[in-house]
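User: Please take a close look at one part of this model, the stretch of strand at the start of the first chain, and then set that part in the context of the rest of the structure.

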Amino acid sequence: MGFEVSQTGGVTLVEVEGQLIVGNRQELKQQVLEQLEGGDRKFVIDFAKTGYIDSSGLGVLVSLSKKIREQGGELRLSSLNEDLHTLFELTKLDTLFRIADSKEQALEGF
Amino acid sequence: MDGDLVLELPTDIRSIERAVEFVMTRCRTCSEQARRLDLNFRVGLTEALSNAMLYGNSRDPSKRVLVEVALQAGRLEARVTDQGIGFDPSSVPDPTSPENLTKPCGRGLFLMRQLLDEVSFNDQGNQVTLVLRLESGGILEGGVQA
């Protein structure tokens, strides 16, 4: 379980390893907000290595998206597996986020 | 319910992932049911534990959460009980309605209801029972931990 943060062509890429759940959601939030306060405005959170996300994890993504938008930025998501797609569809959060099939696709034209 | 598997957890959200994993490793089923177990039951149980600790026990570390899991006649049942005063589940708004979609909270109970075959509460509202029907049956490896 962890988060890997890197910079790619002016975009902050956060890769979530393991789960994004109530026990570690604040860690992700803190990392992204630090980058936002540091001036970053374009974010991709990639879930290629993520097992599952609970409602707290979904809530953090909603919260971060709002904060990033308030600063004139954008948060995109990528690489949701079938289970994660199901969770986003059930909660209708797939209508709230721009979701790409891969991190490369998310980074294209950002 | 006399649970085949009983866990008593401290109110510590860091314990949720390990507790869910512990239960999951003891629930085995055929491959056709694996996704329902891995996604539906795992997320449902995680949500129930989160609600019990965050809202039921109000993060009070002196309070405990009881988890009882049993498999009977193709029904995998998990009962989660906290030591809070309880709540009215009918008072929780629909998180998918337009006015709630951008709110960061309120999706736990919704996901439980979407992913499990049955979700019920006791009268006090401090105990939730989740049921996942496993058509082809399954195996629950028993054990008791305190």
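Analyst: Strand S1 (residues 2–8) of chain A lies largely in the open, because the number of buried residues among its seven is zero. This is a predicted model, and everything that follows should be read as a description of that prediction. S1(A) is joined to S2(A) by seven bridges, and these two strands run antiparallel. They form a hairpin with two residues between them, and in the turn A:Gly9 has a positive phi of about 55°. Within this pairing, A:Glu4 of the open strand stands opposite A:Glu15 in S2(A).

A:Glu15 also leads to the next strand, since on that side the residue it stands opposite is A:Asp46 in S3(A). Here the pairing is parallel, with four bridges between strand S2 (residues 11–20) of chain A and S3(A). Strand S3 (residues 42–46) of chain A is mostly covered, with four of its five residues buried, whereas for S1(A) the number buried is zero. As general background, side chains in a regular strand alternate between the two faces of the sheet.

Elsewhere in chain A, A:Leu64 offers a view of a helix, for this residue lies in helix H2 of chain A. A:Leu64 is buried, because 22 other C-beta atoms lie within 10 Å, and a residue counts as buried from 20 such atoms upward. Apart from neighbours within four places in sequence, A:Leu64 is in contact with A:Lys29, A:Val32 and A:Leu75. A:Leu64 and A:Leu36, which are 28 residues apart in sequence, have a C-alpha to C-alpha separation of 9.7 Å.

The contact between the chains takes 20 residues from chain A and 21 residues from chain B. On the side of chain A that touches chain B, the elements giving two or more residues are helix H2 (55–70) and helix H3 (82–90) of chain A. H2(A) supplies the largest share of that side, eight residues. By character, the residues of this side of chain A divide into eight nonpolar, eight polar and four charged. For the model as a whole, the scores are ipTM 0.88 and pTM 0.88.

The largest nonpolar core has 58 residues, and those with the most contacts inside it are A:Ile45, B:Leu45, B:Ala48, B:Leu49, B:Val80 and B:Leu130. Helix H2 (residues 31–56) of chain B gives the most to this core, namely seven residues. B:Leu130 touches, among others more than four places away in sequence, B:Leu45, B:Ala48, B:Met112 and B:Leu116.

Chain B itself has three helices and eight strands, and along the sequence these follow the pattern β-α-β-α-β-β-α-β-β-β-β. Of its 146 residues, 34% count as buried. Among contacts in chain B between residues at least 6 apart in sequence, 71% join residues at least 24 apart.

Two helices of chain B show how burial is arranged around a helix. In helix H1 (residues 16–26) of chain B, the residues B:Ile16, B:Val20 and B:Val23 are buried, and they lie on the same side of H1(B) because they cover an arc of only 60° around the axis. The face of H1(B) turned away from that buried side carries the exposed residues B:Arg18, B:Glu21 and B:Thr25. An α-helix has 3.6 residues a turn, so residues three or four places apart point the same way. In helix H3 (residues 108–115) of chain B, the buried residues are B:Gly108, B:Leu109, B:Leu111, B:Met112 and B:Leu115, and these cover an arc of only 160° around the axis, which puts them on the same side of H3(B).

A loop position completes the picture of this chain. B:Gly125 sits in the loop between S5 and strand S6 (127–133) of chain B, and B:Gly125 is partly exposed, with 17 other C-beta atoms within 10 Å. Its contacts, leaving aside neighbours within four places in sequence, are with B:Gly86, B:Phe87, B:Asp88 and B:Pro89. The C-alpha atoms of B:Gly125 and B:Asp82, which are 43 residues apart along the chain, are separated by 9.3 Å.

Finally, confidence varies along chain B, which averages a pLDDT of 88, with 88% of the residues scoring at least 70. Among its elements, strand S5 (residues 118–121) of chain B has the highest mean pLDDT (97), and strand S8 (residues 143–144) of chain B the lowest (42).

Definitions and conventions
Residues are numbered from 1 along each chain as its sequence is written. Chains are lettered from A and ligands numbered from 1 in the order in which they are written. This is a predicted model: local features need pLDDT of at least 70, side-chain atom pairs count only at pLDDT 80 or more; totals for chains, interfaces and linings use all residues. A nonpolar core is a set of buried Ala, Val, Leu, Ile, Met, Phe, Trp, Tyr and Cys residues joined through C-beta atoms within 7 Å. A residue is buried if 20 or more other C-beta atoms lie within 10 Å of its own, exposed if 12 or fewer, and partly exposed in between; C-beta atoms are placed from the backbone. Two residues are in contact if their C-beta atoms, placed from the backbone, lie within 7 Å. Ala, Val, Leu, Ile, Met, Phe, Trp, Tyr, Cys and Pro count as nonpolar, Asp, Glu, Lys and Arg as charged, and the others, Gly among them, as polar. The arc is that of the directions from the helix axis to the C-beta atoms. pLDDT is the predictor's confidence in each residue, from 0 to 100. Two strands pair if DSSP finds at least two bridges between them.
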